[in-house]
Amino acid sequence: LADWDTCSVTVEDMGAGLLAVAGGDLSVNENTRVTLDGSDSVDPDGNIVSYLWKQTSGDRVRISDPRSATATFIAPEVRSEKNFEFMLTVTDDSGFSASDSCLVKVLNRNVPPKADAGADQKVEERSTVYLDGSASNDPDGSIISYSWRQVSGEPVTLPNCNNRKIAFKTPDVTEGRGTVDLEFELTVMDSDREIRRDRCVVTVSWVNQKPVACAGAGQSVKEETAVVLDGGDSSDSDANITSYFWEQVS
């Protein structure tokens, strides 16, 4: 003898094949754009219909396009290495979700200083010139040293050349040369010991110096005698005397 009966088995889809892939961990420099890539996420028996990126640790950053497979953010400035964690959640067309996380390590990178030796200058001979590096700066630290040197032109003395501002006297310029160029270089170093340089040119022009007239010493003479007036000791420091003229004033 035999008997039989039936029963039904309901198999529920649990979305077991859905896989979220947030991508590998990353190491990036500060102030760079970072891409979070979840495009390798898969659903073997359906379709992924939504993506959602959320930050789960680290200083808060702004995520661009957090509901797309790939999202981006700008790594912030950091004084030392810092970790930022992000979680990707994907949802398929059956309503099932899966999540995965990735770690982004942001590295501190020194921004070089900017050296600024100031604008080029046009000055006269025998004058005082000021070289000023005050416009130099360091965006992420401080400038710890300044150094000036002359790189071309007639040598001049640079006192206190390790100061931010220095002064010097311009040399004489030969009349026939008209002008001479003196070039100077400023070197700055930041707190991370990175250096930058900048140059400026000082153009020195010839300026005619007045001659010195010398009418000679006073004299005592007898009447009716010839008197010699002698201006031979007159001089001109930067040219030649081309004429003499005598006149009685009293």
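# Close-up views of an all-strand predicted model

**Figure 1. Contacts across the whole chain.** Among contacts between residues at least 6 apart in sequence, 64% join residues at least 24 apart in this protein. Please keep in mind throughout that this is a predicted model. Its secondary structure comes to 12 strands and zero helices, so the protein reads β-β-β-β-β-β-β-β-β-β-β-β from the N terminus on. The radius of gyration is 41 Å, well over the 18 Å that the globule rule gives for 250 residues, so the protein is more spread out than a compact globule. Along the principal axes, the C-alpha trace spans about 180 × 30 × 25 Å.

**Figure 2. Surface and charge.** Here we turn to the outside of the protein. The accessible surface comes to about 16,500 Å², and carbon and sulfur atoms account for 47% of that area. Of the 250 residues, 29% count as buried. The protein carries 23 positive and 42 negative charges, and the mean positions of these two groups are 7 Å apart.

**Figure 3. An aromatic pair formed by Phe168 and Phe184.** The structure holds two aromatic pairs, and one of them is shown here. Phe168 and Phe184 form a tilted pair, with 5.0 Å from centre to centre and 40 degrees between the planes. Phe168 belongs to strand β10 (residues 165–169) and Phe184 to strand β11 (residues 179–190), so the pair ties together parts that are 16 residues apart in sequence. If you look for these two side chains in the model, note that Phe168 and Phe184 are both buried.

**Figure 4. Asp190, a buried residue of strand β11.** Strand β11 appears again in this view, this time with Asp190 as the residue to find. Asp190 has a relative accessible area of 0% and is buried. Leaving out residues up to four places away in sequence, Asp190 touches Asn110, Val111, Pro112, Pro113, Asp138, Ser142, Ile143 and Ile144. For one of these partners, Ile144, the C-alpha to C-alpha distance from Asp190 is 5.4 Å, although Asp190 and Ile144 are 46 residues apart in sequence.

**Figure 5. Arg126 in the loop between β7 and β8.** Arg126 is found between β7 (121–124) and β8 (128–132), in the loop that links them. With 38% relative accessibility, Arg126 counts as partly exposed. Not counting neighbours within four places in sequence, Arg126 is in contact with Thr170, Pro171, Asp172, Gln209 and Ser237. Val78 makes a useful landmark for this view: Arg126 and Val78 are 48 residues apart along the chain, and their C-alpha atoms are separated by 51 Å.

**Figure 6. Asn31, a loop residue with positive phi.** Asn31 sits in the loop between β1 (26–29) and β2 (33–37). Its backbone is worth a look, as phi of Asn31 is near 65 degrees, a positive value in a residue other than glycine. Asn31 is partly exposed, and its relative accessible area is 43%.

**Figure 7. Asp65, another loop residue with positive phi.** The loop between β3 (48–57) and β4 (70–74) holds Asp65. Asp65 is not a glycine, yet its phi is positive at about 55 degrees. Asp65 has 55% relative accessibility and counts as exposed.

Technical notes:
Residues are numbered from 1 along each chain as its sequence is written. This is a predicted model: local features need pLDDT of at least 70, side-chain atom pairs count only at pLDDT 80 or more; totals for chains, interfaces and linings use all residues. Side-chain values use heavy atoms; hydrogens and water are left out. Helices (H or I, at least four residues) and strands (E, at least two) are DSSP runs, numbered from the N terminus. The radius of gyration is taken over C-alpha atoms; the globule rule is 2.2 Å times the number of residues to the power 0.38. Buried means under 20% relative accessible area, exposed over 50%, partly exposed in between (1.4 Å probe, protein chains only). Contact means heavy atoms within 4.5 Å. Accessible areas come from the Shrake-Rupley method with a 1.4 Å probe; for residues, only the protein chains shown count as cover. Lys and Arg count as positive and Asp and Glu as negative; His and the chain ends are not counted. The place of a charge is taken as NZ of Lys, CZ of Arg, CG of Asp or CD of Glu. Rings of Phe, Tyr and Trp (its six-membered ring) pair if their centres lie within 6.5 Å; planes under 30 degrees apart count as stacked, over 60 as edge-to-face and the rest as tilted.
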